[in-house]
Amino acid sequence: LRPENIYGGVPKQGTMMYNFEFNDKLYINGDGEQTRDFIHIEDFVDIVKASFGNKWNGKVVQVGSGKIHTVNELAELFKKYTGKKIVHRKAISEVRDSVADTELLEKLYKKKLKWKIENHIKYIYGKGKKK
């Protein structure tokens, strides 16, 4: 299994979600149009459990939501629910676009993902229900 950006678990310093959640401002490197694919830890764990079946043997499966979000979109969601200020900084060397090719995942894992990124952000700030 090759996961994309996992969120909702134990925070790890340096990840975008962690930085947006725990810094006083929403720092964006460059123009913020970099794209990322995010998957919630609960969805990832469910996929890991499902992968123990024989039909997954020997396959390389990219694990993500298959949906892209720009860094700007993510920052705007955090701003909406926290009121934090967005601050653009100088661009750094990083992957410009990253999204999972979920075609094989969708064939092997027939369930819908439980979490959407906005629902998680609303939930952690007490403005929404879990899932």
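Biologist: Let's start with one side chain: is Lys80 buried or exposed?

Modeller: Lys80 is exposed, with a relative accessible area of 57%. Keep in mind that we are looking at a predicted model.

Biologist: Which residue does Lys80 pair with in a salt bridge?

Modeller: The general idea comes first: side chains of opposite charge can pair when their charged atoms come close. In this case the partner of Lys80 is Glu118, with N and O 3.4 Å apart. That links distant parts of the chain, since Lys80 sits in helix 3 (residues 71-82) and Glu118 in helix 5, 38 residues away. Glu118 itself is partly exposed, at 26% relative accessibility.

Biologist: How many salt bridges are there?

Modeller: The count is three. Another of them joins Lys114 to Asp46, whose closest N and O atoms are 2.7 Å apart. Lys114 belongs to the loop between helix 4 (103-108) and helix 5 (117-124), while Asp46 belongs to helix 2 (residues 41-50), so this pair ties together parts that are 68 residues apart in sequence. As for exposure, Lys114 is partly exposed at 40%.

Biologist: And what distance separates N from O in the salt bridge of Glu103 and Lys107?

Modeller: There the N to O distance is 3.8 Å. Glu103 and Lys107 are both in helix 4, and because they are four residues apart, about one helical turn separates them. Lys107 counts as exposed, with 51% relative accessibility.

Biologist: On to the inside. Which residues have the most contacts inside the largest nonpolar core?

Modeller: The idea behind looking for a core is simple: in soluble globular proteins, nonpolar side chains tend to be buried together. Here the largest core has 16 residues, and Met17, Phe20, Leu74, Phe78, Ile117 and Ile121 have the most contacts inside it. Two or more residues come from each of helix 1 (16-22), strand 3 (26-29), helix 3 and helix 5. Helix 3 is the top contributor, giving six residues.

Biologist: Take Ile121 as an example. Which residues does Ile121 touch, leaving out those up to four places away in sequence?

Modeller: With those set aside, Ile121 touches Leu74, Leu77, Phe78 and Tyr81. There's also a second, separate core of nine residues, and Phe44, Val63, Leu105 and Leu108 are among them.

Biologist: Strand 5 next. Is Ile39 buried or exposed?

Modeller: Ile39 is buried, with a relative accessible area of 1%. Its place is in strand 5. Not counting residues up to four places away in sequence, its contacts include Phe44 and Val63, along with Asn5, Ile6 and Tyr7. The C-alpha atoms of Ile39 and Asn5 are 6.1 Å apart, although their positions lie 34 residues apart along the chain.

Biologist: Now for empty space. What is the volume of the second largest pocket?

Modeller: In general, rolling a probe the size of a water molecule over the atoms shows where empty space is left. For this pocket the volume is about 440 Å³. It is lined by 22 residues, with Gly64, Ser65, Lys67, Leu113 and Trp115 the closest to its centre. Strand 5 (38-40), helix 2, helix 4 and helix 5 each give two or more residues to the lining. Strand 5 gives the most, with three.

Biologist: How many nonpolar, polar and charged residues are in that lining?

Modeller: The lining divides into nine nonpolar, six polar and seven charged residues.

Biologist: I'd like to read a couple of glycines too. Where is Gly66 found?

Modeller: Gly66 is in the loop between strand 6 (62-63) and strand 7 (69-70). At 33% relative accessibility, Gly66 counts as partly exposed. Beyond residues up to four places away in sequence, Gly66 touches Asp37, Val99, Ala100 and Thr102. From Gly66 to Tyr27 the C-alpha distance is 25 Å, with their positions 39 residues apart in sequence.

Biologist: And Gly32, is that one buried or exposed?

Modeller: Gly32 is buried, at 0% relative accessible area. Gly32 also lies in a loop, the one between strand 3 and strand 4 (35-36). Setting aside residues up to four places away in sequence, Gly32 touches Thr70, Val71, Asn72 and His88. Its C-alpha atom is 41 Å from that of Asn54, which is 22 residues away along the chain.

How values were computed:
Residues are numbered from 1 along each chain as its sequence is written. This is a predicted model: local features need pLDDT of at least 70, side-chain atom pairs count only at pLDDT 80 or more; totals for chains, interfaces and linings use all residues. Side-chain values use heavy atoms; hydrogens and water are left out. A salt bridge is a side-chain nitrogen of Lys or Arg within 4 Å of a carboxyl oxygen of Asp or Glu. Buried means under 20% relative accessible area, exposed over 50%, partly exposed in between (1.4 Å probe, protein chains only). A nonpolar core is a set of buried Ala, Val, Leu, Ile, Met, Phe, Trp, Tyr and Cys residues joined through side-chain atoms within 4.5 Å. Contact means heavy atoms within 4.5 Å. On a 1 Å grid over the protein atoms alone, a cavity is a set of points where a 1.4 Å probe fits but cannot get out, and a pocket is an open set with protein on both sides within 12 Å along at least five of seven lines; lining residues have an atom within 4 Å of a point. Grid points are joined across faces, edges and corners, and a volume is the space filled by probe spheres set on the points. Ala, Val, Leu, Ile, Met, Phe, Trp, Tyr, Cys and Pro count as nonpolar, Asp, Glu, Lys and Arg as charged, and the others, Gly among them, as polar.
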